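Colleague: I am new to this structure and would like to understand how its labels are justified. Could you take me through the reasoning step by step?

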Amino acid sequence: MKNDYLSLLLQYQTRPRLEQPISIFEISGYPHYENVCSNILAFYLDPQREHGLGNLVLGALLKCCGYELGKQNEVVEIRREFSTHGGGRLDLLIVTDNYVVGIENKIFHHLNNDLSDYRKTIDFVSKGKSPVYRLVLSLVPIKIPENSGFNGITYDELWHEVRANFGFYVSANSGKWVAYLTDFMETTESLAGGKMELTSTDEFFIKHEESVSKLIQDRAVFLGKLKGQIEKLKEMISESGKLPTELLKQWVYDRSCLVHDYCLSGHKIAFDLYISPKGWELLLFGRDQWSTQYLNKLESSRLENLATKEGRFILKCWSLQSELTEIMDATCEWMNWIVKADAESQQSVVTPSQAK
């Protein structure tokens, strides 16, 4: 079985790694919520917003409706979750002096909205302005009831028009917002496919499902064995009689770290003894800035030449095969040393009254 695991890991390391980068929207999980997609659309549909892309997206949307925006400079009002006469919520309402656009945004949901109510509300807001566009924007084409007054367009159609005009709007100042918009476009296109895209890593796990599952199970047993050593060592140290009386608390963190807390001259000092597949590691550190400064100023050649990791002194490392008694003795010796060093540092402090 060991050779099987080795072969499996070698295959994993040598697999192709040309993967499709994950979208920021996929990381956040937001693409699954219509209101968040509508928020993003509202931002890019507004020519006055910080993206610096002007009416790129708005013009693309109107182009899908058969309306050429041209170069007019107009005030555009974007409203979200607009209350309808019947108590509904229209996802997006775009109002200008020249036209009105109402949008119901559909992501992974059936079209069960009261479109007649939406139509009456949009027409009321338009106050006779022409033209008026009532749209259902969806990932894939969906059936819209006849005589509803709404037309359907897809994200794919919208993004086709956006990409066709990218070059006319992109500037040095809009780079960040172009990247975000591109991310959003690619995410909706991926969602529209309705088919899971499998990477080479996904394919690897599918092909080796049984072996990988067994490997994970065996590793869990191994990690449990390591954590059992922590509990065993905790008991050994507690019963050894070698702990300083100044010990404040002994406890186990995350089943893989034996912790000993001290309060020395008002300073919060801690020893962490970790176990991992790489072995044992004993660390010394202060729990706050004041305590850390105290350790750094503690005059001792014993600490001066020690390596540090993330502000912690690495006192000692052992292999997994090391005797627990050896680890216990070294850990207790370090704890007794710090208590003694603290006492000596306090004795060396001479007060004005003592000097007399």
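Modeller: Let us start with a definition: a residue is called buried under 20% relative accessible area, exposed over 50%, and partly exposed in between. Please keep in mind throughout that this is a predicted model.

Colleague: Why is Arg312 called partly exposed?

Modeller: Arg312 has a relative accessible area of 23%, and partly exposed is the term between the 20% and 50% cut-offs, so Arg312 is given that label.

Colleague: What makes Asp272 buried or exposed?

Modeller: The relative accessibility of Asp272 is 5%, and buried means under 20%, so Asp272 counts as buried.

Colleague: How do you know that Arg312 and Asp272 form a salt bridge?

Modeller: The definition asks for a side-chain nitrogen of Lys or Arg within 4 Å of a carboxyl oxygen of Asp or Glu, and for the side chains of Arg312 and Asp272 the N to O distance is 2.9 Å, so the pair is called a salt bridge. This pair links distant parts of the chain, with Arg312 in strand β11 (residues 312–318) and Asp272 in strand β8 (residues 267–276), 40 residues apart.

Colleague: Why is the contact of Glu68 with Lys63 called a salt bridge?

Modeller: Their closest N and O atoms are 3.9 Å apart, and the cut-off is within 4 Å, so the name applies to Glu68 and Lys63. Glu68, at 56% relative accessibility, counts as exposed, whereas Lys63, at 37%, counts as partly exposed. Lys63 and Glu68 are also linked with Glu161 in a network of salt bridges, and the structure holds 15 salt bridges.

Colleague: What makes Lys106 and Glu104 a salt bridge?

Modeller: The closest N and O atoms of Lys106 and Glu104 are 3.8 Å apart, which again satisfies the limit of within 4 Å, and both Lys106 and Glu104 are buried.

Colleague: How do you know that strands β1 and β2 pair?

Modeller: Two strands pair if at least two bridges are found between them, and six bridges join strand β1 (residues 77–83) to strand β2 (residues 89–95), so these antiparallel strands are called a pair. Ile78 stands opposite Ile94 in β2, and in the hairpin of β1 and β2, which has five residues between the strands, Gly87 takes a positive phi near 90 degrees.

Colleague: Why is Phe108 called partly exposed?

Modeller: Phe108 has 47% relative accessibility, and exposed would require over 50%, so Phe108 counts as partly exposed. Phe108 has its place in the loop between β3 (100–106) and α5 (115–126).

Methods. Residues are numbered from 1 along each chain as its sequence is written. This is a predicted model: local features need pLDDT of at least 70, side-chain atom pairs count only at pLDDT 80 or more; totals for chains, interfaces and linings use all residues. Side-chain values use heavy atoms; hydrogens and water are left out. Buried means under 20% relative accessible area, exposed over 50%, partly exposed in between (1.4 Å probe, protein chains only). Helices (H or I, at least four residues) and strands (E, at least two) are DSSP runs, numbered from the N terminus.
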